[in-house]
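These are my notebook entries on what I looked up, taken one topic at a time.

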Amino acid sequence: MKTTRIIFGLFVLITMVLAFMLYRWILDYLLFSIIFAYVLAPSVSWLERKGLPRWMGITFIYSTILMGIAWLTYTFIPELVEQGNNLLELLSSEHSVSESILALPIIRSLHASLTYLDAQVPVLSLTKGLTNSLDMLEDMMVKLPSLIFDNYQLIIGALSFVATIPLIGFFLLKDGNKLIKDFFRIIPNRYFELVIITVNKLNETIGNFLRAMVFEVISVTLMASLALSIVGVKNAVLIGLIAGIANIIPYFGPFIGTLVAVVSVLVGGNTALMPIVNIVIAMYVVQMIDNNIVYPVVVGTAIKMHPLIVLLTVLAGGWYGGIIWMLISVPLVYFVFNIVQVLYVNLKNFDLI
Amino acid sequence: MKNLTRWILSLFAHKDQHASLRKFKFFEALNPYELFLLQKLMHKREFRKGEQLFGEKNPLELIYFIESGEIEVKGKLQPHGAVVVGKRQHLGLIDMYHEQIRSSSAEVIKDCVLWAVSKHDFEKYLLQNPQAGIKILREVCSYLSNFAFALCEQIEIKA
């Protein structure tokens, strides 16, 4: 009996390892689909309680989202094309990007200070360093269009990634409950209550956290779009959206949004100091409202992680999988920490450790 | 002829998919759709004789509804220290509104089939489906009232 059990256990283990090896390529897809399904699940359940079958509820929500995207595309694509043309013009114009940046009053005074320092201590050659950095930035900007064409396969891959997530999400939303129940079926009676408690707590934490995050992204997007429109930034909605998404990264995200807005003004050829100061003030006000009203109220159980751990996690995420992993690394670490915490407390309560 | 007609009609009759849940007093007033939503939250489990369902002072998360079999419950809330509960009865409902931990322990004395529902899911169901919630809570109140009267009678008898 015991030998049969061990052989069966080994068989299950080998099957699981093989399954992992086969499916590891789509783990990213699965992870994002789960997040997608988590965010939409309450709306689907609400429609189900009102008597709409799940598949119909999901179709209704998908249609609404698609209509929203279509409206946004219709409204902003012409402006984006114009902005892209501006960028191409700037890159091919006599005034290079580095010259535009050097024309900024702040950079100009920094350049003057560095020149003065270089004159005092010639070994430093700080001015050269600044000029080299700006040249590198310019090189990168000039190569941008060719980079897009050279990496078309990556772009197509990214597009198929974005298209696949709602498809997997559809089945997760429709049959997710059944899948979870099937999972519970294989749990031995002895651990059943423990597993239910753990899954419920995690479900609640992760679900609330993700929904709060989405709400925060939407509110920061709206506030940033409004604030940037007021100070006269072009494509305020698009930059607001970038700021909203970047806001997921605690502590460092808000700077990314501000940086994108400033770069956008520079790309537009405006080198005066006031618009940049206005952007910084506008984004600061947005952050003030977000940090003091939206985040405490909506996220509630905010991520309480030390800034150093956040920084290290974001860097590690960036090294591992680029910008996407920079965005998800902090919530992921938070979830893993939660799993360990909940398991530890409940294993102790059930006298299993 | 009568049997034939009954058989033909039975072919067209809609099978009650939630018949086993409807047999519990708490759920008999629910309509099919409310039962469908409730059943999505419930887990059907089988327990063998001798298995422990839960121990005293364990965290309370699951409420059990017994479809078949018998369970012995031991603890301070039981009139004679122990009680056997069986078909169509339930476990954990009183503790659910009292504490977060079990006041009794329960062991299976005859192979059981149970419907288990998480306290967390059950409360959410009651809140999100107010109509069903009222129907269930009315039955819970009736049960608790009977339970209280039974206890009073026992105290009177002892006195």
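Working with a predicted model, I began with helix α2 (residues 27–49) of chain A and helix α8 (residues 189–230) of chain A, whose axes come within 9 Å and cross at roughly 85 degrees. Since angles of 65 to 115 degrees count as roughly perpendicular, I noted α2(A) as roughly perpendicular to α8(A). I then listed the residues that make this contact: α2(A) brings I35(A), Y38(A), V39(A) and P42(A), while α8(A) brings N203(A), I206(A), G207(A), L210(A), R211(A) and V214(A). Sorting the residues of the contact between α2(A) and α8(A) by kind, I found 7 nonpolar, 2 polar and 1 charged.

Next I looked at the surface, where I found a nonpolar patch with about 1000 Å² of accessible area together, formed by I6(A), L10(A), L13(A), I14(A), V17(A), L18(A), F20(A), M21(A), L27(A), L30(A) and I34(A). Two elements of chain A, α1 (2–23) and α2, each give two or more residues to the nonpolar patch. I recorded that α1(A) gives the most to it, with 8 residues, and that I6(A) lies in helix α1 of chain A.

Last, I turned to charge pairs, bearing in mind that side chains of opposite charge can pair when their charged atoms come close. I counted 11 salt bridges over all chains, and one that I followed up is between the side chains of E48(A) and K40(B), at 2.6 Å from N to O. E48(A) lies in helix α2 of chain A and K40(B) in the loop between α3 (32–39) and β1 (42–47) of chain B, so I entered this pair as one that joins two chains.

Definitions and conventions:
Residues are numbered from 1 along each chain as its sequence is written. Chains are lettered from A and ligands numbered from 1 in the order in which they are written. This is a predicted model: local features need pLDDT of at least 70, side-chain atom pairs count only at pLDDT 80 or more; totals for chains, interfaces and linings use all residues. Side-chain values use heavy atoms; hydrogens and water are left out. Axes are lines fitted to C-alpha atoms, for helices over the stretch in contact, and angles run from 0 to 180 degrees between N-to-C directions. Helices (H or I, at least four residues) and strands (E, at least two) are DSSP runs, numbered from the N terminus. Angles under 35 degrees count as roughly parallel, over 145 as roughly antiparallel, 65 to 115 as roughly perpendicular and the rest as oblique. Contact means heavy atoms within 4.5 Å. Ala, Val, Leu, Ile, Met, Phe, Trp, Tyr, Cys and Pro count as nonpolar, Asp, Glu, Lys and Arg as charged, and the others, Gly among them, as polar. Patches are made of residues with over 30% relative accessible area and no salt bridge: like charges are joined within 9 Å, nonpolar side chains (Val, Leu, Ile, Met, Phe, Trp, Tyr) within 5 Å. Accessible areas come from the Shrake-Rupley method with a 1.4 Å probe; for residues, only the protein chains shown count as cover. A salt bridge is a side-chain nitrogen of Lys or Arg within 4 Å of a carboxyl oxygen of Asp or Glu.
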